[in-house]
Every structure is written in C-alpha cells, then in structure tokens.
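I opened a new page for this model and wrote down what I looked up, one topic at a time. The entries follow below.

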Amino acid sequence: MSSTQILLLIGAYFLVLMIISHFTGKNDSNADFFKAGKESPWYLVAFGMVGASLSGVTFISVPGWVADSQFSYMQVVLGYLVGYLVVAFLLLPLYYRHNLTSIYEYLLDRFGTVSHKTGAFFFFISRVLGASFRLYLVAIVLQQFVFDDLGIRFEFTVIISILLIWIYTNKGGIKTIVWTDTLQTLFMILAVILSIFFINGELGWSFGEFLVSDELRDYNEFLYTDSLLDRNHFIKSFVGGMFVTICMTGLDQDMMQKNLTCKTLKDSQKNMVSFSFVLVGVTFLFMLLGALLFIYAKKNGISVPLMDGEAKTDLLFPEIALNSGLGLTLAITFMLGLIAAAYSSADSALTSLTTSFCVDFLNIEKKGEEEQKKVRKQTHIAMSVMLVLVIIAFKYILSSNVIDSLLTVAGYTYGPLLGLFAFGIFTRHKIKDAYVWVVSVVVVAIIVFIANIPSEYLGGYVLGYELLPLNGLLTFIGLWLIRDRRAITS
C-alpha cells in the first residue's frame, strides 16, 4: 500500500468523523460537551468503550508483546473483568448519587478543596501520559510507513494528528465521541478478525487448524504459577489487572465521562457489565493475532522492523500488513483498524482532560454561560498543544514496549486516587485536607524507590503490577494518619 493510498484512506476516514461531528455538535453547548445531555443509549456507549479501552496500544503493542510474554497478558485481562464489576456496582452508584460532571468533585464533597485538586491533578498527569503513550504509538507507525517516504518530520505527524482530533471534538465533545467511538470500535474489531482470516489463508490454515497447530503452542502459554517471585505470576497479574481497571476505568474521568452520559444508573451498569465481557473476548483475539504474526514472520523470513537501530516488535503487525505482499485488502483493513484504535481513545482523552481542567481547576460552573463556552474552547486548544509536546518528547525517551510502559506508569500515578477514593468510601473519617498532597507525593516517591530496587535485594522477587494496589494501600495508611479524630461524616 503506497503512502498516497494511506493518506487518501486517512482523509476519507476523517471526513466521516467530521460529518458525525457536524450533526452531534450543532448545539455547541457545555451540557453536550461535558455530559451529552445525559441521553446516550447504554448499548452505544458499551460498544464504543471497547475501542476506547483497547486503543492503538492494544492494536499494535499487545500482538507485538506475544513473543516475549506469550499469552500471559490474559492473566491481567481476567483481573480486568473483576475490576469492571467493582466499578459497575461500587463506583457508578456513587457518581450517579452525587450527580457529578467530574468524578473528582466527590473528593471535594467528602474531604475538601486540597483533596479535590490533588485527585484531579493525579488524573491529569495519568491521562496526559496515557493518551500520549497511545498516540505516540500510532504516530511512529504512520511515520515509519507513510511520512518518512514523503520527507515529513515526526513532529509534523504529531501536530496533524492532534489537530484533526481537535477539529471534530471542538463542538460536540463527549456527545460526538459516543458516536465516533462506535464507528471506531467496529473498524477495530473487523480489522483484527479480517487480519486473522487473511494471514491464516496465506498459511493455508483454517481458523480451527490454527488453534490446534504446533506452531501456536510455542506462543500460547497462559498461566504462570511456577514462582511467586516472577513478575508475571498469575496472582500478581490478576490482582494487578483488577486494580488497574478500578483505577484506569473507575477512577478515570475519561472512561467514566462516557458512562455518566447514560440516562440512568441501571443503564450505565448494563453498559459496564456487557462491555467488560466483550472486551475480554476481543483482547484474546489480539493475542491470537500476535502469535499468528510471529508464526507468519518466521515462516517467511520477515525480521522485526528496526527503529533508531533497535528491533521494535510494536512494528511487526504494520510491517506484515503493509509490506509483505498480502494484498491491498489487508493493508486497508489494518490502516482502518489502526486509525480507529488510536483516535477512539485519543479523542475522548482530549475531551476528558478539557472537562477535568475546566471543572476541577477553573471552576467553570461558577461562570456565566458565554464565559463558560469561551473558557472551554481555550482549554481545549491548550490541552491539544500539551499532548503534542508530550508525544514528541516520548520519541526521545521511550524505549520499552508501550503497553508495559503504560501499565508501569499507572502504578505510580493512579495509586493516590485509589487511596483517596477507598478512604472516602470505606471509612467515615474526615481528614486534615491541607496535608493530602504531602501524603500523595511522599507515597509516590516511596513507590518509585521500591520499583527501582534490584530484584536480587528482594530475594529474587520481581515487582510488577502489584505496585498499584501497594500505592493505594500506602496512601490509605497515610490518610489514616492525618485523619481528623474529632470529625466523622454522617
């Protein structure tokens, strides 16, 4: 597939998104931008959330991870499933009861201003890094397979990507995203299914023959239970995955903002439960695709592509789809899936960052209606510029597999949110609000220190995703130490 063909495909794709944006953004109101008028059908939100949760990271990085970790990621995904049930039946009722625009307003009601700002700050850092990870991955693929041939620099690729997202989310916000996510999820799921079909066909296999093949057995080890010291032991992965979901979905304004557009709590819960089971199945398909990619590459002598002189397994899928002679249909399928995967998470991230900053830091709801709209639009531009700068920085500092990096960073930044919400839900104590930021910063510093302790100093124990619940636990303990012994909530 030539660079020109890819550019035309991207242009056509965004034209469709602009048309959707035109109809959903007619009102250009803050009510639609932040809450979609609380009229979103739950099944539409559920289907769209699959794409937003998977993103370009899953589409590219999960298949590329199979060679090193086999199917061990499914241990984390099973933990996700339990985490989604906690979100549906513990956190969503809380948010609906308080009628929140930003979920961090709960911390204001429960503890005070400093807790509110601290929680919103850690979300802000988490989402900026998470969205930038995802868009960085897509940008390097577009750069490697499209823009390098045209002599266009990586920085310009990033600017164009963010600009396109800004254009179609500028008016409709979350109302537009509920609809565009549905389309993007459809493209992503079709892409993985058709990719498996075409590559199996090239290898002379049916899908059933692939599942029972000797070649698949070289990649499909799932349960790791030999030693609790290992980073990918089942218990560590499962518990870590559960807390990753609770934090990166249930305590994340980006994911919760979509749920809060549903008409009722019951609809929102139906959305969350149905979406969680579909997500597990789709992720398993991505693992199968990853194994198939490495099998195909080995049989056809295809090397893992290099980037900056280093092998980059994240680039194997695009290399096979675009450059291995499997035909234009697979190339188009891949590009549509990649673009959909990337922008289904990036557009909602940009909208949620705008929402959180306006509500949690600028107190937009206290301003007049015209002033609110002006502030929202200015903030939307500022968030776009910030994402551009962070993504460009990643090109020069990021070296490991992207999904591994994403989950590692989550262990640092979502921990204070976990501790704050857990303390608010499971205790009746007030706290000395002024010291909350001190507790949070100190705990994050402790977690960073622990994460960098060599495994030989821990008796061979390799730290993994359990850093997130540990972070939350230490934050909870810190809040207990600064509780106000004289004040109890009713």
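**Entry 1: a buried charged network**

I began with Arg127, which counts as buried at 4% relative accessibility. I note here that the model is a predicted one.

Next I asked what Arg127 pairs with. Arg127 forms a salt bridge with Asp254, and their closest N and O atoms are 3.5 Å apart. Asp254 lies in helix H12 (residues 253–259) and Arg127 in helix H6, so the pair ties together parts that are 127 residues apart in sequence. I looked up the cover of Asp254 as well: it counts as buried, at 2% relative accessibility.

I then moved to Lys258. Its side chain meets that of Asp181 in a salt bridge, at 3.9 Å from N to O. This pair links distant parts of the chain, with Asp181 in helix H8 (residues 174–203), Lys258 in helix H12, and their positions 77 residues apart. Is Asp181 buried or exposed? Asp181 has a relative accessible area of 1%, so I entered it as buried. Lys258 has 2% relative accessibility, so I entered it as buried too.

Lys258 has a further salt bridge, this one with Asp254, where the closest N and O atoms are 3.3 Å apart. How far apart are Lys258 and Asp254 in helix H12? They are four residues apart, which means that about one helical turn separates them. Both Lys258 and Asp254 are buried. Through shared partners, salt bridges join Arg127, Asp181, Asp252, Asp254 and Lys258 into one network.

I also looked up how many salt bridges the count gives. The count comes to nine.

**Entry 2: a buried asparagine**

I looked up Asn271, which is placed in helix H13 (residues 265–300). Its relative accessible area is 0%, so I wrote it down as buried.

Which residues is Asn271 in contact with, leaving aside its neighbours within four places in sequence? I listed Trp42, Val45, Ala46, Met49 and Asn259. For Ala46 I have a distance: its backbone nitrogen lies 3.0 Å from a polar atom of the Asn271 side chain.

**Entry 3: cysteines**

I searched for disulfides and found that the structure holds zero. I then looked up two cysteines for their cover. Cys262 counts as buried, at 0% relative accessibility. Cys358 counts as buried as well, and its relative accessibility is 0%.

**Entry 4: two asparagines with positive phi**

Asn99 is not a glycine, and yet it has a positive phi of about 50°. Where is Asn99 found? I placed it in the loop between helix H4 (73–98) and helix H5 (105–110). Asn99 has 52% relative accessibility, and the cut-off for exposed is over 50%, so I entered Asn99 as exposed.

Asn363 is another residue other than glycine with a positive phi, here near 50°. Asn363 sits in the loop between helix H15 (328–361) and helix H16 (369–397). Its relative accessible area is 32%, so Asn363 went down as partly exposed. To check that label, I used the range for partly exposed, which lies between the 20% and 50% cut-offs.

**Entry 5: a nonpolar patch on the surface**

I looked up which residues make a nonpolar surface patch of about 550 Å². They are Tyr435, Trp437, Val438, Val441, Val442 and Ile446.

I took Ile446 as one of these residues to look at further. Ile446 is found in helix H19 (residues 436–451). With a relative accessible area of 37%, Ile446 is partly exposed.

**Entry 6: Gln144 and Pro318**

Last, I turned to Gln144, which is found in helix H6 (residues 113–147). Gln144 is partly exposed, and its relative accessible area is 26%.

How are Gln144 and Pro318 placed, along the chain and in space? They are 174 residues apart along the chain, and 9.4 Å separates their C-alpha atoms.

Conventions:
Residues are numbered from 1 along each chain as its sequence is written. This is a predicted model: local features need pLDDT of at least 70, side-chain atom pairs count only at pLDDT 80 or more; totals for chains, interfaces and linings use all residues. Side-chain values use heavy atoms; hydrogens and water are left out. Buried means under 20% relative accessible area, exposed over 50%, partly exposed in between (1.4 Å probe, protein chains only). A disulfide is a pair of cysteine sulfur atoms within 2.5 Å. Patches are made of residues with over 30% relative accessible area and no salt bridge: like charges are joined within 9 Å, nonpolar side chains (Val, Leu, Ile, Met, Phe, Trp, Tyr) within 5 Å. Accessible areas come from the Shrake-Rupley method with a 1.4 Å probe; for residues, only the protein chains shown count as cover. A salt bridge is a side-chain nitrogen of Lys or Arg within 4 Å of a carboxyl oxygen of Asp or Glu. A polar contact is a pair of N or O atoms within 3.5 Å; within protein, one must be able to donate a hydrogen and the other to accept it, and residues adjacent in sequence count only if both atoms are side-chain atoms. Contact means heavy atoms within 4.5 Å.
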